[in-house]
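Student: Hey, can you walk me through the charged side chains in this one? I'm new to it.

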Amino acid sequence: MEAVLKNVAGTAELLAVASLSGEVERWEEPTVSRAFQWARYCEHLCRRFHDNPAIRRVIEKQLRVTNHGLRAAFAGYGDVSFSDLYRCQHLLLVGLLKNPQLPISVMKILFDAEQSEYQEVTGYCSRIIQCKSACKVLSPLADSSAVGADAEVQAEMLMERLGALLSRGGEARHILDSVPQGFEGAAGHFCVVIAAALLMKKNSSQDFLLDWLQKEQSVLEQMCSSLPSALIIELTKKQPKFRDAFCDLLKKWASDMEYSLSEGEWIQTRRNPTVSFDRLTEHFLGLFETCPSVRVDVEEELNALKMSDGDFDVRGLSVWGDLLSVFNKSV
Amino acid sequence: MLPTHPQSHPGSCFVHKYVHLDEMSQPQPLIQLPQTAERAPSAGELRFWLDKAVCWGQADGPDARKDASLHLSRLKDFLQQVLTHINNMSSTAETLKRLPLLGQFLGRLCWNPYVTADATGRRLLLQCLWGLYSEHPGNAVERTANQWIRKVLCQLATEEDDAQALMKKMDIPPKDYHLEVLRKMVALLQKSIGKSCSCLGDTNQRCACDNILATSEACVPLVTCPEAAPLISALLQQQVTCVRAALSEDFLDAVSSAYSSRCLSLEEQAVVSLWCHNLPSLEEAVLRLLDCALTYSGPIPQKQLEQSLLPKACAQHCSIFLVVNDIFRSILKQADGTECVKYFVGAFTGCFLREVALQQHQTSVSLKAMFPQSPQSLLLPLLTRPTEMPQQAWRRHLIWLSSSLQRLTQEEEHGDDNSSRSGRFHTVFEAWFLLVQCSHWVQVAVQLLVTSEPEDCAPLLWLLTFYHHPTNRGHHRALQLVRGKEAWDHLHSLFSVLDPPLPIDLLQSLVTLLSPQPQPPPLSPLLTLNLFVNFAVFLQQSLSASTEIVQMVLDRCGLVDGARWVLSSLQIRMNQGDCLSSDTERVHLRIRALQNTLTHMHVASSPAKE
């Protein structure tokens, strides 16, 4: 264990040197190769002790100590955590490439296409670029579904990993919990990936995902706000649990609406972003079209709610009444 | 697909390239690439390509992609020009002064996946960037360029997009992630290609096959990407049931050159499919195998023939066999049939026939379809292997073959109708070609000559002479037959000598027949050599006596390599069971002993492969 801790500390130092110090000026191919070997070793450690909380804690403790020291030694040092070590090679690479002191000869080796004895290092970046570009070239051809090939592939990976974790009896929530929330970029993409995951061939991880979704209302809400209607309809067709959750969400949205006299329309005041009344009815009608049985239940429920609101037929008094009248018009 | 009539196929236009094979150390490229002029790229050209790059970056539809893929090859040529220009300039500042848009251009290309996925494109692009990097920047322009280059490279290798934020949470390192995504995407596409065609010939309907052309075009830059190999294999092997399931020509060319330069590994069936789709790749494979055979230090081993996959491909697709034979014909006509090429053709055909026998249960192609140009009456007699016939029948069989061939040649020579002369010559050539393909019978003839009586030699000698001298140019055949009989007589006498010393005059006559002459002698020395070695092996004489004779003769005429060759080919035949096997073990021993002797002899530089 001593040796392991020493090596972890050493690798953290290595990362710091690679990215922040002028030492790299003297690095040559064998040095770089050794550096990557150490990084790979740490990645291996991570995978090995991933399910061992006790050892993980010990390593994290060591990292805290090392970080403290390195912070003092290097200006601009960023702490390294246990989970960072999963991508240790990547961190090393980023550090090196961003370090202005890295000799151009070393950069050339990393991007070179020729073979050499330092197989892991030569052309390391070239391979990455090749992979990324190949994906970009092929992805438009594989776009057979509404979600796109990228999301499909990532969904597959997500489900595989969830499945692996669950079968080992490990904690799987953290993968989903720590995803960035919000409405920009990564979060929006995550919604598409979840949709793709739920549209996949039936597998055991989907139940876990659906349960998690039901608890994480905010993600569910974001999905239903940002995804295209056609996709949502697909989801309701394929996953009954999702359909129920979606239905509940629509009702919740409706109950948050207030009638605005100035606009002559039902609007949401406390949410962000808002859902319009028209969109809400669109969602409902789309849902009814694909699952007619739901219509009966929903109308019954809404009727009961309308009655509790006073059972008026005047527009603007009960959101339930207004919804029902829209439904009746579209019969 | 390949046309079925061999004589009119496009391959015949490549005939003129199949010359001087003995002098070639590498197969000539069948398509000569034009040398890009080493002139500097003009600002106008750069502008053109920059506009293209901008266009490809902005639009993302199938048209933009198709355009990028179609222009890839010319773009790479242009990049090479740019690279040369950059290297010729003395400084980056000067380069950028001449071509101010260069930075923008290269920068845009960095984000074009077609350029960066392609091995050559990527290499050229990176080399251009290195070329612009200044070790000792002398001014602001160069310093900025340096910074920019570092930044771009860092971004290219490490930039993460939205999707990768998710991947971070899954604790997958980026490099593994990209690999896995690529593999899964390849698997997705492979599945969609496997889907059978549903359009039933209705050209207005959309068809699953529409994607195939686009996919093949997209795979052009990916031929050297190992993860894409399964997809490429699948594309090559997909059933051609639909008119729209076409593969792009660029794709076939790219796959062919990647495969032949060993940058791409394909499954066996994919290679065979490639040859079916793309004639130049088949031709190149044949020439490469032939070159291999010619540079091998002995007769090419059967294993190597099999490993080339060509015999198997020929057995699976008759059309491939026809093309291969056309190539053989061209070579034999041009190079006047060197011994090695003739042997190779025979060995190849033997391997092919074995593959056909293995395939019999699957397809049944008639002999006529496989050998459409050969005289039909000779087909079955020649293709039947000696092992398929009782040994006692061999002599009679060979006599029949010999007389049939003699008749054919006589018809050719004595025909007085000029207009059909070429037709008859064609028949003789085809008969001879078939004999070359079935050279096992020629070797049996040589072997039988060893144990023949003098009065029984004639038909066998005629066959042998015809094999080595198919055309009766200058009407030398009569003389050749006389010489052949002389050689036989000398050998017969020499090897019958019971006590030493060996008669010098006999030895000398033999050596004269075997030695290279200032003008081509009427009889090929290789015929005599073949006969000579067979005498040494098969005659019931003491090994030491035979060995002595062999040593003395070869000492004087120097054809040690040639003799070794004959021994090796005898050994191969023994292993295949084509020889008189009354005392196989003894023959094996004799061959080995003689080989030993030859190895220890000083090898005079003798052009054995004449």
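Tutor: Sure, let's go through salt bridges and then a charged surface patch, keeping in mind that this is a predicted model.

Student: Okay, how many salt bridges are there over all chains?

Tutor: The count comes to 31 salt bridges over all chains.

Student: Let's pick one. Which side chain does E60(A) meet in a salt bridge?

Tutor: That would be R56(A), with an N to O distance of 3.3 Å.

Student: And where do E60(A) and R56(A) sit in chain A?

Tutor: They're in helix α3, residues 53-73 of chain A. Because E60(A) and R56(A) are four residues apart in that helix, about one helical turn separates them.

Student: Is E60(A) buried or exposed?

Tutor: In between: E60(A) has 25% relative accessibility, so it counts as partly exposed. R56(A) is partly exposed too, with a relative accessible area of 23%.

Student: What about chain B, where do D489(B) and K485(B) lie?

Tutor: Both are in helix α25 of chain B, which covers residues 477-496. D489(B) and K485(B) are four residues apart there, about one turn of the helix. Their side chains meet in a salt bridge at 3.3 Å, N to O.

Student: How accessible is each of those, D489(B) and K485(B)?

Tutor: D489(B) is at 32% relative accessibility and counts as partly exposed. K485(B), at 26%, counts as partly exposed as well.

Student: Switching spots: what does K306(A) form a salt bridge with?

Tutor: K306(A) pairs with D311(A), and their closest N and O atoms are 3.9 Å apart.

Student: Why does K306(A) count as buried?

Tutor: Because its relative accessibility is 11%, and buried means under 20%. Its partner D311(A) is at 39%, so D311(A) counts as partly exposed.

Student: Which residues are linked in a network of salt bridges?

Tutor: One such network links E156(A), E160(A) and K184(B). So you have residues from chain A and chain B in that network.

Student: Now the surface. Which residues form the negative patch?

Tutor: D143(A) and D150(A) from chain A, together with E159(B), D161(B) and D162(B) from chain B.

Student: Where is D143(A) in its chain?

Tutor: D143(A) is in the loop between α6 (124-138) and α7 (149-167) of chain A.

Student: And why does D143(A) count as partly exposed?

Tutor: Because its relative accessibility is 41%, and partly exposed covers values between the 20% and 50% cut-offs.

Terms used: Residues are numbered from 1 along each chain as its sequence is written. Chains are lettered from A and ligands numbered from 1 in the order in which they are written. This is a predicted model: local features need pLDDT of at least 70, side-chain atom pairs count only at pLDDT 80 or more; totals for chains, interfaces and linings use all residues. Side-chain values use heavy atoms; hydrogens and water are left out. Patches are made of residues with over 30% relative accessible area and no salt bridge: like charges are joined within 9 Å, nonpolar side chains (Val, Leu, Ile, Met, Phe, Trp, Tyr) within 5 Å. Accessible areas come from the Shrake-Rupley method with a 1.4 Å probe; for residues, only the protein chains shown count as cover. A salt bridge is a side-chain nitrogen of Lys or Arg within 4 Å of a carboxyl oxygen of Asp or Glu. Lys and Arg count as positive and Asp and Glu as negative; His and the chain ends are not counted. The place of a charge is taken as NZ of Lys, CZ of Arg, CG of Asp or CD of Glu. Helices (H or I, at least four residues) and strands (E, at least two) are DSSP runs, numbered from the N terminus. Buried means under 20% relative accessible area, exposed over 50%, partly exposed in between (1.4 Å probe, protein chains only).
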